[in-house]
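The following questions and answers examine the architecture of one protein chain. Please consult the sequence and the structure while reading them.

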Amino acid sequence: MTVIAAATPVLPAVHEFLARTASLLIDGEWVQAASGRTFGTVDPATGNTLTEVAHGEAVDIDSAVRAARKAFDTGPWPSMKPNERERLLWRVGDVLSERAEEFGQLESLDNGKSAAIATAVDVAWSADVFRYYAGWATKIEGSTINVSMPFAPGGRFHAYTLREPVGVCGLIVPWNFPLLMAAWKLAPALAAGNTVILKPAEQTPLTALLLGEVFQEAGFPPGVVNIVTGFGDAGAALSGHHDVDKIAFTGSTEVGKKIVDAAKGNLKKVSLELGGKSANVVFADADFDSAVAGSVTAWMFNHGQCCVAGTRLLVDERIFDDFTAAVAETASKVKIGPGLDPTTELGPLISQDQFDKVDRYLREGLADGARALTGGKRWGDSGFFIEPTVFVDVKPEFSIVREEIFGPVVAAMPFDGESGAVAAANDSIYGLAAGIWTKDISKAHRTAQQLKAGSVWINQYNGFDTAMPFGGYKQSGWGRELGQSAIDLYTQIKAVNVAL
């Protein structure tokens with residue numbers, strides 16, 4: 001493993017953004033937190049503070065909710081025609097494309113991921129998401145129903161449904177894909193006619209705030225999009241606020257359960273995209289080289305900080321030793337470095353806390369008896385870097401097999417036959433995603449039907465598309481994002497029956 005020292009120069013626009021203290025966006029204005037407090041956001045490649053950000057708290061959440069409620073109930077937003085919302089959302093997508101490198105560098109500095117990947121994947125996909133849901137703004141429809149009304153013989157009726165926005169939506173997004181996860185929630189919520197309060201993760205608030213400037217430039221009315229940066233107390237205040245109609249959350253299962261509890265006060269609608277410990281199943285008849293490359297990407301993409309990461313590598317016992325050796329060899333050759341280095345393949349973890357968590361799992365795995373074919377420890381002496389690690393000799397009860405690590409760590413286990421693969425894959429409290437590698441198309445479909453996972457990728461991994469629904473089984477969440485399914489999350493149906 002090597003690190004390359006050269007880095008892409010930081011754009012002047014990014015320097016300018018970082019030079020000022022970031023504020024909260026409430027009711028169309030950039031304001032300081034009510035307390036006047038700020039907090040620093042850190043470059044995980046160096047541990048240095050990038051800039052100061054307003055420290056929003058419950059009082060600021062309350063101000064943002066009032067602004068969103070006013071914009072939804074009495075502002076110009078409710079009377080705006082669908083094609084006007086369409087044009088606004090499309091403009092956001094266009095600006096993201098125009099300023100892709102700026103957003104990509106800022107995401108890299110704040111999150112640690114490769115700026116090249118952030119620009120080509122995170123920003124480009126975010127732009128696509130806004131354009132996709134811009135189109136949905138004019139296609140949200142009700143239906144007419146031919147009712148029988150058996151208890152009203154002889155009567156004539158006209159019955160129909162209306163699909164209406166939910167109202168004020170609180171959107172809480174994680175630190176692993178800060179801009180993209182914001183886009184996944186903002187675009188369908190706004191296309192459906194809701195108003196929103198976005199609460200980004202405290203570790204990565206910067207691209208959300210830059211996106212707030214884009215919403216202003218695009219011409220969104222005041223109060224439609226509000227952004228409050230802060231910590232867990234701000235998220236808790238948003239989740240429990242009685243004038244919020246819906247919470248959409250992406251993050252850990254542990255926090256998701258707390259949000260459900262907080263939301264019960266007014267029984268607000270809740271959608272959750274939570275943790276995962278996804279199985280990646282490799283049959284003996286798979287294309288060996290493709291499966292190796294895809295299996296490495298499955299758990300190393302985004303430095304392993306990915307909810308769908310294929311961190312349980314299940315390999316047919318007939319090829320287990322050769323396959324895991326090839327995976328370890330491939331992983332050991334990746335280039336480690338900061339995100340602004342265009343050749344970096346594996347960047348740092350997000351924070352000292354996340355580094356400590358992953359390091360603890362490495363030590364637990366080794367203490368339990370697992371063997372690291374490669375990695376197993378810290379890389380370098382600065383920043384939050386962990387070597388890519390391939391564990392074998394693991395047992396199903398090990399913590400590195402049962403629990404979500406959120407780092408570049410995979411636990412490999414052998415299986416015997418289709419039934420063995422399915423049993424091992426489903427042996428988890430999670431059910432977010434899974435991968436299958438085989439040349440036998442019938443076996444691929446049989447296995448996919450038996451896996452308890454919201455997304456199943458065959459002879460690929462991370463096969464996402466904006467039109468494909470995404471979400472989890474079991475403790476991986478409630479509801480489905482992306483595609484038409486996301487419109488369902490942000491609308492509710494009203495039945496109207498008229499006696500003629």
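Q: What distance separates the centres of domain 1 and domain 2, taken over C-alpha atoms?
A: In this predicted model, the protein chain is divided into domain 1, made of 12–274 + 477–497, and domain 2, made of 279–458. The contact takes 23 residues from domain 1 and 23 residues from domain 2. Taken over C-alpha atoms, the separation of the two domain centres is 31 Å.

Q: Where does the largest nonpolar core lie with respect to domain 1 and domain 2?
A: This core has 77 residues, and the members that touch the most others are Phe-130, Leu-186, Leu-190, Leu-211 and Phe-220. Domain 1 and domain 2 both give residues to the core, so its location is between them.

Q: Which helix contributes the largest share of this core?
A: In soluble globular proteins, nonpolar side chains tend to be buried together. Of the 77 residues in the largest nonpolar core, 11 come from one helix, spanning residues 178–191. That helix is α6.

Q: Which residues does Phe-130 contact, leaving aside its neighbours within four places in sequence?
A: Phe-130 is one of the residues that touch the most other members of the largest nonpolar core. With neighbours within four places in sequence left aside, Phe-130 is in contact with Leu-89, Val-92, Gly-93, Leu-96, Ala-183, Leu-186, Ala-187, Leu-211 and Phe-215.

Q: How many residues form the second, separate core?
A: Val-281, Phe-355, Ile-386 and Ala-411 are among the members of this second core, which is separate from the largest one. The number of residues in the second core is 29.

Q: Is Ser-114 buried or exposed?
A: Ser-114 is found in the loop between α4 (100–111) and α5 (115–136). Leaving aside its neighbours within four places in sequence, Ser-114 is in contact with Ser-108, His-303, Gly-339 and Thr-344. Its relative accessible area is 5%, and the cut-off for burial is under 20%. Ser-114 is therefore classed as buried.

Q: How far apart in space are Ser-114 and Leu-340, C-alpha to C-alpha?
A: In sequence, Ser-114 and Leu-340 are 226 residues apart. In space, their C-alpha to C-alpha distance is 6.2 Å.

Q: Which strands stand at the edges of the open sheet that contains β6?
A: The sheet has three strands in the order β5-β6-β22, with antiparallel pairing. Nine bridges join β6 (residues 157–165) to β22, and Leu-162 stands opposite Lys-494 in β22. Two strands each have a single partner, so one side of each is left without a neighbour in the sheet. These edge strands are β5 (144–145) and β22 (491–499).

Q: Which residue of β13 is the bridge partner of Val-282?
A: Strand β12 (residues 279–282) runs parallel to β13, and four bridges join them. Five of the five residues of β13 (residues 312–316) are buried. Both faces are covered, with Arg-312, Leu-314 and Asp-316 on one side and Leu-313 and Val-315 on the other. The bridge partner of Val-282 is Val-315.

Q: What is the radius of gyration of the protein chain?
A: The chain holds 16 helices and 22 strands, and its C-alpha trace spans about 75 × 65 × 40 Å along the principal axes. For 500 residues the globule rule gives 23 Å, and the value for this chain is close to that, so the chain is as compact as a globular protein of that length. The radius of gyration is 24 Å.

Terms used
Residues numbered from 1 in each chain as written. Predicted model: local features only at pLDDT ≥ 70, side-chain atom pairs only at ≥ 80, totals over all residues. Heavy atoms only, no water. Pairing = 2+ DSSP bridges. Core = buried A, V, L, I, M, F, W, Y, C linked by side-chain atoms within 4.5 Å. Buried < 20%, exposed > 50% of the residue type's maximum accessible area, 1.4 Å probe, protein only. Domains from an automatic or database assignment. Contact = heavy atoms within 4.5 Å. Rg over C-alpha atoms; globule rule 2.2 N^0.38 Å.
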